[in-house]
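Please read the following account with the sequence and the three-dimensional view open side by side.

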Amino acid sequence: MNQSLNYLLRRLGFYFIAAWAALTLNFFIPRLMPGDPAAIIFARFRGKLKPEAINALRETFGLTDEPLLGQYWSYLKSILQGDLGISIAYFPEPVTNIISSALLWTIFLAGFSLIISFSLGTLLGTIIAWKRSGKLDSTLPPVLAFVGAFPYFWLAMVALYIFGFELSWFPLGHAYGDDVTPGFNMPFILSALYHAALPALTMILVSLGGWMLSMRNIMITTLGTDYISFAHAKGLSSRLIMLRYAARNAILPNFTGFGMALGFVLSGALLTEIIFSYPGQGYLLLQAVRAQDFPLMQGLFMTITFAVLAANWMVDIAVLFFDPRTRK
Amino acid sequence: MDNNQDSIFTRWIIGILRNRKAITGVVIIFLFIFLAALGPFITQDPTAFLSTPLSPPSWEHWLGTNGQGQDVLAQTISGARQTLLVGFTTGIMVVLIGALIGGISGYYSGRIDDFLSLLINVFLVMPGLPLMVILASWLPPGPATLTGVLVLTGWAWNARVIRSQMMTFRSRDFVSAAIVSGEHNIRIIVLEIMPRMLSLLASSFIGASIYAIGAQVGLEFLGLGDVSTVTWGTNLYWASNDMALLTGSWWNFVPTGLSIAIVSFALTLINFGIDEVTNPRLIAERVWREKIPIDTVVNGITPVVKDHE
Amino acid sequence: MVAFGLIVFNGCKNKENQNARRGLIIFQESQISWVRNFNPLSPAGAARWPTSAGIYEPLFIYNSMSGEYVPWLALDYKWDKGNKVLEMLIRDGVKWSDGEPFSAEDVAFTFNVKRKHRALDTRDSWGYLKEVIAMSDTIVKFEFKRIYVPGFDALATQSIVAKHIWDKIDDPVKYSNPNPVGTGPYTEIIRFDSQLWELGKNPNYWQKGKPHINKLIFPTYPSNEQVTLALLSGNLDWAGAFIPAVDRVFVSKDTEHHKYWFPLTGHTTFLHTNTQDPILSDVRVRKAISYAIDRELVVKVGMYNYTEPAHVSGVSGPMSKWHSPYLNQREDWTVYDPVKANMLLNDAGFNKDETGLRHTQDGHLLEFDIIIVSGWSDWIRSAQVVSQNLKNVGIKAKVKTYDFGAWISRMQKGEFELAIGWAEKGTTPYALYRGMMSSEYLQPIGETADVNWHRFSVASADSLFREYERTSDQNEITEIIYKLQHLFIEHAPSVPLFAEPSWAECNTKYFKNFPSAENPYATLSPNYAPENLFVLVNVQNR
């Protein structure tokens, strides 16, 4: 037990270092980008601004001439206090407000798709590895691999066009319908699911092949091991062997991959959101970059990084829990 | 020692060449490369604003024209060039960097390993797409930027995989034997271990290339590439800007998408092939499955080949 | 499986409800999610459309179709004391949406709050204003510290805010004004979610019987594809979007109801030439570049024939009345004439080599980058045509795209050679020529210049600008403009490319009385505040 605690603490230490590195990177990159956000905003106006007005505006946005190191310390301090600053593009809205609603939708859509894709893919992979019936194994992996080879946004656009526009089976975008009010009510939840259906379907379709294939390959390796033959010899039912023994051990390596994918979910399924007009974090990031909105960019990058670290952390704990070998 | 290395390498290549999947994949890739290289000599000028925009396929333009009246076939073929170039270059660089850092980290344990693993893990945990978007929008658009951004965000994954493989090999007998007989570490890495890691390196290269092609096309679709060059990604960017689907001009959208899919799929096939060569069990069951009639495969009992390594 | 079926079924059922139109569905802002901000004074321009002209209103509205200022919250104006004083007569009987009366006090207050917080003074009115006083409930007096007649536009089109509300706001710069009180036709926020918000009628609006439509609905559309999809499927009633091949894409889906109107705005899109560049500083080179461009092809390929080649004066369409009658055809360097282009380049000493490309005397290739904002595909295509045109006369031009931030930074600092961009706009060409040739706005390379990116000036123009600013006499104004125009044509500080159209689409299935070519009571595009107020008060239910 002590050993695993040690292990977890070391991992935690690593995550702190990674977080610090990310934060530092996060701080410097926007500042290295050319273009002055104040100037960009002025460019939107027809008239010209006298120097005093520009400076007043700069102060409002906190674009001071303080030396870089000073800015860095204030940046770190405010992050620790949970103050992510005021957005420039959506002035004067605080960054935390803008990110929070977007964050929820991204988690909903991408998390939902990932869970289904992983479960379905793993299940299929297990079945295929077990039943060596020619049909499934020779058709499904290649077909799914081919579908997954298309650029994601290409499939999404075609799907949106055919199923949303031509056939009108699905809505053309947005996270929920215009006639429901957000909240914990059935119409809203159903509407949200309905609107997430097509984007989620496209995301699932593209990633399904990958999960299925890796599970299948690992299963095949596992099936060759001694304890499986032993189980057979003892006369255990094949269903039992498949699920309780083979799958359970095979799923572990796949699960680590899931952990990382979960983290990347919050990178925002950027392209999905653009194509389906889905109000998540990914598109927000693109807008922030375009508007040179430092605070928003940093806030988004930070949220995403922390989410990835948290997801990895949780996977570490889960692996430790499920895999008795690590509980040395 | 040299004989050993030679035969590992040759054996591996022969194994690959015998594999159905790998060969199919390789042939397709070479076909595309061939077409891309010949491109300028066999097609019309892809950038010339020739005819009526958005006209369907005809004898004059086999794949029709795009929103500016440019020949789609020419665009598709010449688009292959930069896309494949950036894709494979990224693949090679990722593998080189991965092998270097991952290999050193896996071979030398202790402080070097701790430091390099930390580096790898930090890069691994950085959100890739956001970083790519930020960097690509900041740097001047073009193939160099794309390659740089892709390599920066993609090297860590392969490094980690190579590192674990290296650690496995490190503890094997043949390595201990080599060390005991006084061989230099570098020699061991390069001459003993690397040849055995061929499958991993090759499939890393393929995997990285697939990733590079996909990510590149994605970035260019967002308009972050150099939109005045002709690449598969920019073709799709223009197609969507010109509302290709909504005007029913599928010929603007489909050929490039299909080409990307075919190339990625071909690369995946090669990877499948490599997998099978490395993991003979996968082939064995296929062989067994073909030889044994279906009805004798009862209750999921399968003949399985043992691993002798 | 069952759950999936239920979801689809529910979705289909809900769709039927949407057929009864609950309000006018509008697209003007491209956003992925809405942020609640209705501050019309906000310097960041972060307020939701139509805050500045819809919730709030200005004193006069310039109608680009008729070329006149239409009285709105003000009825009349008068210049006095040698154009050093401007008096405006304010409309009475107007109420704020909370029932309080509107008066000249509110007008004076609005301008004074901009004086107090300079960050709000986005048009730098206090650069020439001395005092703004409400002389009575209906008269406002503007005292100028220097004579500046063109300042009228900024004063007339200012959105007026309520003194009794804003008096109590400490920091109007950072205030997001979540529950606005305005004089405009629509002031009530019915609903505000991240992906949809609704704006309802002002119960106390001063134009009786108007507006006709009960509410405005704003869904989010983050990209042009989404807007187009919505337009095609009849889910949008009014939009200001660029649609390629609009007849085929949009109109064909419902020829009876899907309408568009892209009238010229009068302004011009330019190929800016950085006159500080040693080669481009030669006027012959600039004119040669202009002669080399096949504007018809640019318009056809880049702009889907939605517009026309630019006029050499830099204005066109509704501003064609400003074309000088003294214009000599031979001076017009915007016609397509590669022969002349070659001649001028040869004259200037740039000879062609064997490959057909030109060199300077000391052997440097004539090579330029044309920089464009990435994502502005119509301009990118136009630039590609220009690049090919220039190659034909021996100049190598490469198209480079940059993200908006990086692009505008380069333009403002003068770190570019060629670029496609807009120019200063105004109700007369004065603003355009001032931005093109005035030394007042000239900045060295590396310093940020908000206008005159191409960094050109000519002394004789400066005195003409001063004269213009001092007079309010129409005849004098016209003569000065002609003179400026001839200076512009002589010096070719930048190359006019094509006329700027406005983008507007509407769906007449549920609503009628949108402006159109047959009924041009205003421009249809929602992108030109405050002119969109005309549409908002006149559109009717079917």
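The paragraphs below take up chain A, then chain C, and then chain B with its helices and its confidence values.

The structure is a predicted model, and the description begins with its chains. Chain A contains 13 helices and 0 strands. Its pattern, read along the sequence, is accordingly one helix symbol after another, α-α-α-α-α-α-α-α-α-α-α-α-α. Of the 328 residues in chain A, 47% are buried. When contacts in chain A between residues at least 6 apart in sequence are considered, 73% of them join residues at least 24 apart.

Chain C has 16 helices and 22 strands. For its 542 residues, a compact globule would have a radius of gyration near 24 Å, and the value for chain C, 25 Å, agrees with this. Taken along the principal axes, the box filled by the C-alpha atoms of chain C is roughly 75 × 75 × 40 Å. Buried residues account for 50% of the 542 residues of chain C. Among the contacts in chain C with a separation of 6 or more, 68% come from residues 24 or more positions apart.

Within chain C, the reader may next locate an open sheet of 7 strands with mixed pairing, whose order is β8-β9-β10-β1-β11-β20-β12. Its edge strands are β8 (186-192) and β12 (258-260) of chain C, each of which pairs on one side only. At the β8 edge, β8(C) runs antiparallel to strand β9 (residues 196-201) of chain C, and 5 bridges join the two. One residue pair can be followed here: Arg191(C) has Glu198(C), in β9(C), as its bridge partner.

Attention now turns to chain B and two of its helices. Helix α9(B) has 24 residues and reaches 34 Å from its first C-alpha to its last, close to the 34 Å expected at 1.5 Å a residue. This helix is mostly covered, with 22 of its 24 residues buried. After α9(B) comes Gly223(B), which has a positive phi near 90 degrees.

Helix α10 (residues 232-241) of chain B is also mostly covered, and 10 of its 10 residues are buried. The buried residues include Trp232(B), Tyr237(B) and Trp238(B), as well as Gly233(B) and Asn241(B). What do the buried residues of α10(B) pack against? Within chain B, they pack against α3, α9 (198-221) and α11 (250-278). From chain A the partner is α7 (152-166), and from chain C the partners are α6 (224-232) and α11 (377-392). Elements of chains A, B and C are thus among the partners of this helix. Just after α10(B), Met243(B) adopts a positive phi of about 55 degrees.

The confidence of the prediction in chain B remains to be considered. The mean pLDDT of chain B is 79, and 86% of its residues reach 70 or more. Among the elements of chain B, helix α3 (residues 72-107) has the highest mean pLDDT, 89, whereas helix α12 (residues 280-291) has the lowest, 58. Over residues 294-299 of chain B, pLDDT stays under 50, and the model has 5 contacts beyond four places in sequence for this stretch. The pLDDT is also below 50 over residues 305-309 of chain B, a stretch with 6 contacts in the model beyond near neighbours in sequence. Where pLDDT is low, predicted coordinates should not be read in detail.

Methods
Residues numbered from 1 in each chain as written. Chains lettered and ligands numbered in written order. Predicted model: local features only at pLDDT ≥ 70, side-chain atom pairs only at ≥ 80, totals over all residues. pLDDT = per-residue confidence, 0-100. Helix = DSSP H or I, 4+ residues; strand = E, 2+ residues; numbered from the N terminus. Contact = placed C-beta atoms within 7 Å. Buried ≥ 20, exposed ≤ 12 C-beta atoms within 10 Å, placed from the backbone. Rg over C-alpha atoms; globule rule 2.2 N^0.38 Å. Pairing = 2+ DSSP bridges. Expected span 1.5 Å × (residues − 1).
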